[in-house]
Structure formats: structure tokens, C-alpha cells
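Open the model in your viewer and keep the sequence panel visible. The stops below say what to select and what is there.

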Amino acid sequence: MLLAVVGPGIITGNVDNDATGITGYALAGSQFGYELLWLLIVTAICLLAIQSMVARMGTVTGKGLSDLIRERFGIAPTLWVMIFLFFANAATTVAEFAGVGGAAQLLFGDVARYAAIPVAALLVWFLVLRGSFRVVERILLLLTLIYLGYIVSAFLAHPKWSDVIHHTVVPTFHLTPSFILIFITIIGTTITPWMAFFQQSNVADKGLHPDDLKYERIDTVAGILMLNVVAFFIIVATGATIYAAHVTVNPSDPSAFSKIALALKPLAGQYAEQLFAIGLLNASLMAASVLPLSTTYAITEAFGLERGIDKSFREAPAFLTIYTATIVIGAGIAMFPGAPLVLITNLPNIVNGMLLPLLLPLLILLANDKRIMGRYANSPLFNVFSGAVMVFLTAVTLAFLASIFVPGLFGGR
């Protein structure tokens, strides 16, 4: 039964380690070493609150999150949510294809990105729209195994494990703009709005019902654990090499991916560069499949349009058109010559981190509505838990905005 149910949580968690995630974690490790490892425990706890609610709502109602938002709050709030979500996900889709280009450059040279991006876009489009739901799900589950390469890279880097453990359990925080920027980057790449929409739609599309809830909870927790384990080892790998060697990585530099990989190569062995590139390519392809799909599901659900990857164009014209257009636009922008790929892949992390405090109150209200959830509504204890998560995410976002609009508030660096 568990094997039949498993999928939405694990795929959602692993796809979150996409090009933007790898970039965010690599920048955290290269700029601050192991100092942000403890934050992964915090983000795992926050993610557990959010994904548990959407998994429960999808299992109990059989509806996607957009459906529930429209039914509960009306068309106007739903329209605004969809506008914010579309721009955030569109930016992230561009980032995924930028990740494909960056990986191709590392593996085959600078010119390879111009061939790799259109090939990847066509492959992703064909896989999702011409394959069945079960085939797509199984391929995505299989691709999660490639993330083991980042764990290998971390061990090849020979970190000082006593320092790693110390920074994992002892929080470190600096009131500086650069640290706060990376801080919200880690939060924004680990906890993203699209994850809530995608997992709930995926649960509903799979046809799970309340009897499957305990297995879907296991699936959700497994996905969160896999996400954070991979993130942990990416930070360790870059902290033990790039940060330790004092190599400066500027996200706006078009060759920043190359600098990260070249810094890994002499310090962590000849295979570390290839492992980094293959992991980046895999992550980008997975997310380039899922992000446009998440956007398309959310928009079509919000306005009651026919949807589903098993549908034909005649059955679901809006669904297939939005999905195709998102891929074409994302791939096209990522192919601009001289584009700063690392900057492109990191910007959506900041946007997502700032959108979270806007989405979480809607989730809490929906999960507490007994007309929707019945006896599966949030318990008082879970409300305290999710409320604490909302306060934390809001405080981080306000601190980040203050660092931007009040120059010098947090000092230098």
C-alpha cells in the first residue's frame, strides 16, 4: 500500500533540490562555510507544517489547492494569488533552463548551452505531455537517485566533520546584509509556494483518499528528509572546498558555475566537477518538468478549466497551451548570450522566500475550515505549530526588506 501511495511527497521534495536550490546551497557553502547548516533543520520543520497541510487537504478533498482557494475566498483573491504564483514560477522555470545551460557548459564547453537548452525543453515537453501520469512519476522517482552524487562529492572534499556537526546543532547568525540575503535564499529555495500547489494537485491527480493519509504522511516526511540531506551535503562540499580555499564567487559573473566546479576539482578530486555538473543537469531537468506543470495545474484549477497530463489538446486546450508556453518562454530567456546564469538561478529563491508569508495564512485558514476538512481539520496543537512557522517566516522576510530599504541598518559585509 505504501509503494502504491508513495510519489507526490518524494518527487516534490527532490524536485525542490533544483537548479535554484543547488545554486543557493552552493552560494551558502562557498560564502559562509558550514555556518548555515543549522538552518536546514529549521526549514525542515517549517516545510513539515506546510506540506503536511497540503497533503492532508489533497487526500481528504480530492481537490488541488487552487480549487480550494477559489471556493473558499472567491475569484478576486484567487486571481491575485495566481498572478504572484505565475511570475514566481516563470522566473524559476527560466532558472531551471539556465541550470541546464550551466551544466552543459561544465560538461561540454561554453557553446553547448545553446544546443542543450532547446533539446532539454523538447525532451521535457514530450516526456510530460506524451507520457502517462504513471510513466512520468516513475521516471521522476528514478532520477532522484542521481542526487546521491552530491553526497559522494561531500565525502570527496574531506571536510572537518567536527566543525560540520558543530554548525549543524549550534546556530550562527550575522546581522549583515549578505548573510541575511543568503539566509532568506536558503529559506526561499527550501520552502517554495509551488511545492504546496504541486504536491496537493499531485495527490488529487493520483486519486488518494482519506484511507491513504497515513501512507501519504510517510511519503511527505521522506521527501522532506531527502531534500534536506542533499542540501546538507551540497553546503558541506562547497564549504570544505570553495570557502576553505577563499575562492570568491560572484553570482552576477556569467562564469560563476565554472568557478564553483573548478574550485571543487583540485580540492575534492577529478570527479567532483563532473558530479556537480551531472547533479545540476539532473536537478534542472526534473524541475523544468515539474515547475511549468505546477503553474499550469494551479492556474487551470483556479478557474475551473479541464486539466491533466493524460488529456489530449482537444480535451484540455488551456492546460496544454499554458504548459507549452511556459517551457518555450523559460528556455528562450535562458539562452540569452552572456546571461549571468548563477544570478538567474538564485533570484527566484529570494522571490519565493518573500511570498511565503502571503501564502501560509491561506493554507492555515483552509486547513482549519471544518466545512472543507471535517474531522481532518487542524488540531489546536498543529495550529500553534503552523502559527509559529508563519511568525518565523514573516520575521525573516521583514528583516530582509529592512536590509534593502534601510541602508546600513545591519552594518557591512
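A patch, as used here, is made of residues with over 30% relative accessible area and no salt bridge, where nonpolar side chains are joined within 5 Å. The model is predicted.

**Stop 1: a nonpolar patch**

Select Ile75, Leu79, Trp80, Ile83, Phe84, Phe86, Phe87, Phe303, Leu305 and Leu358, and show them as a surface. Together these residues form a nonpolar patch with about 960 Å² of accessible area. Which helix gives the most to the nonpolar patch? Colour helix α6, residues 75–108: this helix contributes 7 residues, the most of any.

Now pick Leu358, another member of the patch. Leu358 belongs to helix α17, which spans residues 341–368. Its relative accessibility is 53%, and the cut-off for exposed is over 50%, so Leu358 counts as exposed.

**Stop 2: the segment before α6**

Step back along the chain to helix α5, residues 65–73. Its buried residues are Leu65, Ser66, Asp67, Leu68 and Ile69. Just after α5, select Gly74, which has a positive phi of about 95 degrees.

**Stop 3: aromatic pairs**

The structure holds 13 aromatic pairs. For one of them, select Phe173 and Phe179: the pair is edge-to-face, 5.3 Å centre to centre, with 80 degrees between the planes. Is each ring's residue buried or exposed? Phe173 is partly exposed, at a relative accessible area of 42%, whereas Phe179 is buried, at 0%.

Another pair to select is Phe382 and Phe385. Their ring centres lie 5.7 Å apart and their planes stand at 85 degrees, so this pair is edge-to-face as well.

Widen the selection around Phe173 and Phe179 to take in Phe32, Trp38 and Phe183. These five residues form one aromatic cluster.

**Stop 4: helix α19 and a charge over a ring**

Show helix α19, residues 380–405, and return to Phe382 and Phe385. Phe382 and Phe385 are 3 residues apart in this helix, and therefore about one helical turn separates them. An α-helix has 3.6 residues a turn, so residues three or four places apart point the same way. Phe382 is buried, with a relative accessible area of 18%, while Phe385 counts as partly exposed at 26% relative accessibility.

Finally, add Arg56 to the view. What sits over the ring of Phe382? The charged end of Arg56 does, 5.2 Å from the ring centre.

Conventions: Residues are numbered from 1 along each chain as its sequence is written. This is a predicted model: local features need pLDDT of at least 70, side-chain atom pairs count only at pLDDT 80 or more; totals for chains, interfaces and linings use all residues. Side-chain values use heavy atoms; hydrogens and water are left out. Patches are made of residues with over 30% relative accessible area and no salt bridge: like charges are joined within 9 Å, nonpolar side chains (Val, Leu, Ile, Met, Phe, Trp, Tyr) within 5 Å. Accessible areas come from the Shrake-Rupley method with a 1.4 Å probe; for residues, only the protein chains shown count as cover. A salt bridge is a side-chain nitrogen of Lys or Arg within 4 Å of a carboxyl oxygen of Asp or Glu. Helices (H or I, at least four residues) and strands (E, at least two) are DSSP runs, numbered from the N terminus. Buried means under 20% relative accessible area, exposed over 50%, partly exposed in between (1.4 Å probe, protein chains only). Rings of Phe, Tyr and Trp (its six-membered ring) pair if their centres lie within 6.5 Å; planes under 30 degrees apart count as stacked, over 60 as edge-to-face and the rest as tilted. A charge sits over a ring if NZ of Lys or CZ of Arg is within 6 Å of the ring centre and within 35 degrees of the ring normal.
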